[in-house]
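Thank you for sharing this structure for comment. The numbered points below are meant for a colleague who has not looked at it before, and they begin with the charged pairs.

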Amino acid sequence: AAQAYIQARIDDPGRPKTWVRLPKAWWPSSWFTAKGEPVYYDPVCPLVKALYGHPESGAIWEKHLSKVLIDLGWQKVPSHPGTWIHTRTSAILAVYVDDLLMAAPAAHEASLWKSLEEKISFDEPATPISKFLGAHHTFKKQGHTTHHSVQMREFLQDAALKYKQETGISTLALVRTPYLPESFSAKGEEAEGKQAKTCSSHLMKLLFAARLARPDLSVAITRLASKVTSWNLSHDRALKRLIQYVEHTADLELHGTLSSEDLESAILVMSPDADLANDLETSKSTSGLWLELMSSDGLRSWPLGWKSKRQGSTASSTCESEVISATTALKADALPMLDLLESALGRTVHLQCREDNTQCIQAAETGYSKALGHLSRTERISLGVLHEVFVEQTAGSANIQYQETASHKGDMFTKRLDP
């Protein structure tokens with residue numbers, strides 16, 4: 001949207017007035033005498049539009065845009081802030097401040113954009129997506145099938161360049177993985193790292209790419225990010241290795257494929273996983289997740305999300321860590337995505353959980369009973385949630401099934417790959 005904030009009024013009835021001083025060059029001629037002297041000493045004007053810099057302008061623009069969308073038949077998805085569904089056409093609109101991204105049936109796309117343009121001013125006409133938030137998207141259609149790829153080559157090359165400029169390194173050797181064979185040194189064992197003051201900047205730039213297009217970077221980045229307050233020379237070495245991997249794999253792409261024939265049958269598949277305190281620096285386990293929309297025959301899939309995160313409490317067994325991982329993924333990622341898909345598709349979407357730990361599956365199927373009263377509150381709640389969703393099916397059609405570790409897509413988000 002063009003100058004989005006000032007498309008919204010800030011002087012609606014009932015709102016407190018905001019007064020502004022105008023630069024003298026903007027004063028109207030009526031504010032000067034015939035001799036050119038100011039009529040007023042310190043004049044102010046009531047603010048009409050939501051000017052950039054006003055602390056409420058963002059909220060006022062959001063309220064204005066929401067009213068426009070509601071009037072045009074769009075409905076907000078409560079579980080996904082900034083996401084809207086068009087009730088008549090099932091189109092999806094993602095709003096990021098003043099950027100609007102729409103996915104709509106071809107027959108309705110032009111008319112939906114036209115209705116938006118009649119109410120909101122845009123800098124330029126709507127165009128097919130090619131670059132969004134730094135990620136380059138490519139779509140190819142073959143018959144009923146759509147192939148999608150996303151990459152952040154330029155963004156990652158720039159990240160590697162900034163690192164080399166800072167460290168004075170001219171070339172980085174080719175490596176297979178982002179991990180060194182060594183573990184991090186304990187706090188106090190080595191001197192403070194040379195990148196102690198800038199490591200956060202390097203890691204957060206890479207984390208942005210990892211969340212949008214490069215799931216293979218997630219574990220290395222999140223583990224290093226937990227060390228920014230105690231950064232030492234071993235972390236310098238690990239960061240260098242990560243940047244080496246990034247520079248030589250900058251052109252990797254994330255792919256997804258689905259067919260229009262999957263519209264009525266595609267299912268949501270979550271693949272949660274967990275290790276058991278494999279990080280030698282802590283007793284806590286790491287949760288991993290891969291979330292995708294998959295054709296019912298399993299031949300096509302579209303990645304929707306992924307995660308690698310240290311658990312908040314210490315698990316006493318692999319089963320416990322797997323239960324916590326699955327429950328966390330279910331509540332934070334799978335169920336909100338299920339809500340969005342069912343709203344957009346106008347049908348029940350089956351949720352399938354693929355788990356590589358048979359004890360976790362058995363625990364979910366059995367659920368909680370008084371005989372398990374010795375379990376911690378967290379584990380009791382986790383068992384209850386899994387049982388309710390996948391056995392009692394309180395959230396709709398769902399099942400949990402075994403997936404061997406070798407082909408489990410969540411496994412890579414819980415551990416380091418061999419260097």
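1. The model is a predicted one, and a convenient place to enter it is the pair formed by Asp-11 and Arg-9, whose side chains meet in a salt bridge with nitrogen and oxygen 2.9 Å apart. Both partners are partly exposed, Asp-11 with a relative accessibility of 28% and Arg-9 with a relative accessible area of 41%. As general background, side chains of opposite charge can pair when their charged atoms come close. A search of the whole structure finds 16 salt bridges, and two others are taken up in the next points.

2. Lys-162 and Asp-158 also form a salt bridge, with their closest N and O atoms 2.8 Å apart. The two residues stand 4 apart in helix α3, which covers residues 153-167, so that about one helical turn separates them. Lys-162 is partly exposed at 41% relative accessibility, and Asp-158 is likewise partly exposed, at 27%.

3. Lys-409 and Glu-292 are joined through their side chains by a salt bridge of 3.0 Å, taken from N to O. This pair connects distant parts of the chain, for Lys-409 lies in the segment after β15 (398-402) whereas Glu-292 belongs to strand β12 (residues 286-294), and their positions lie 117 residues apart in the count along the chain. Lys-409 is partly exposed, with a relative accessible area of 36%, whereas Glu-292 counts as buried because its relative accessibility is 2%, and buried here means under 20%. Elsewhere, salt bridges with shared partners bring Asp-158, Lys-162 and Lys-205 together in one network.

4. What lines the second largest pocket? Its lining consists of 21 residues, and those nearest the centre are Tyr-179, Glu-182, Ser-183, Arg-223 and Arg-416. Sorted by class, the lining holds 11 nonpolar, 2 polar and 8 charged residues. Helix α5 (residues 218-225) gives the most to this lining, with 4 residues, and the space within the pocket comes to about 380 Å³.

5. The largest nonpolar core has 36 residues, of which Leu-156, Leu-206, Leu-217, Leu-239 and Leu-242 touch the most other members. At least two residues of this core come from each of α3, α4 (199-212), α5 and α6 (233-248), and α6 supplies the largest share, with 6 residues. Leaving aside residues up to four places away in sequence, Leu-239 touches Tyr-163, Gln-195, His-202, Leu-203, Leu-224 and Trp-231. Another core, which lies apart from this one, has 35 residues, including Leu-289, Met-337, Leu-338 and Val-385. In general terms, nonpolar side chains tend to be buried together in soluble globular proteins.

6. Is Asn-357 buried or exposed? Asn-357 counts as buried, because its relative accessibility is 11%, and its place is the loop between β14 (351-355) and α8 (358-366). When residues up to four places away in sequence are not counted, Asn-357 touches Thr-318, Cys-319, Glu-322 and Tyr-402. The C-alpha atoms of Asn-357 and Thr-405 are 8.4 Å apart, although the two residues are 48 residues apart along the chain.

7. Two loop residues deserve a look for their backbone angles. Ser-90, which is not a glycine, has a positive phi of about 65° and lies in the loop between β4 (83-86) and β5 (92-96), where it is partly exposed with a relative accessible area of 32%. Gln-393 also has a positive phi, near 55°, and sits in the loop between α9 (377-390) and β15, with a relative accessibility of 36% that makes it partly exposed. For background, most residues other than glycine have a negative phi.

8. Turning last to the chain as a whole, there are 9 helices and 15 strands, and the C-alpha atoms fill a box of roughly 90 × 55 × 50 Å along the principal axes. Of the 419 residues in the protein chain, 43% are buried. Among contacts between residues at least 6 apart in sequence, 69% join residues at least 24 apart.

Methods. Residues numbered from 1 in each chain as written. Predicted model: local features only at pLDDT ≥ 70, side-chain atom pairs only at ≥ 80, totals over all residues. Heavy atoms only, no water. Salt bridge = Lys/Arg side-chain N within 4 Å of Asp/Glu carboxyl O. Buried < 20%, exposed > 50% of the residue type's maximum accessible area, 1.4 Å probe, protein only. 1 Å grid on protein atoms, 1.4 Å probe; cavity = no way out; pocket = protein on both sides within 12 Å on 5 of 7 lines; lining within 4 Å. Points joined across faces, edges and corners; volume = space filled by probe spheres on them. Nonpolar A, V, L, I, M, F, W, Y, C, P; charged D, E, K, R; others polar. Core = buried A, V, L, I, M, F, W, Y, C linked by side-chain atoms within 4.5 Å. Contact = heavy atoms within 4.5 Å.
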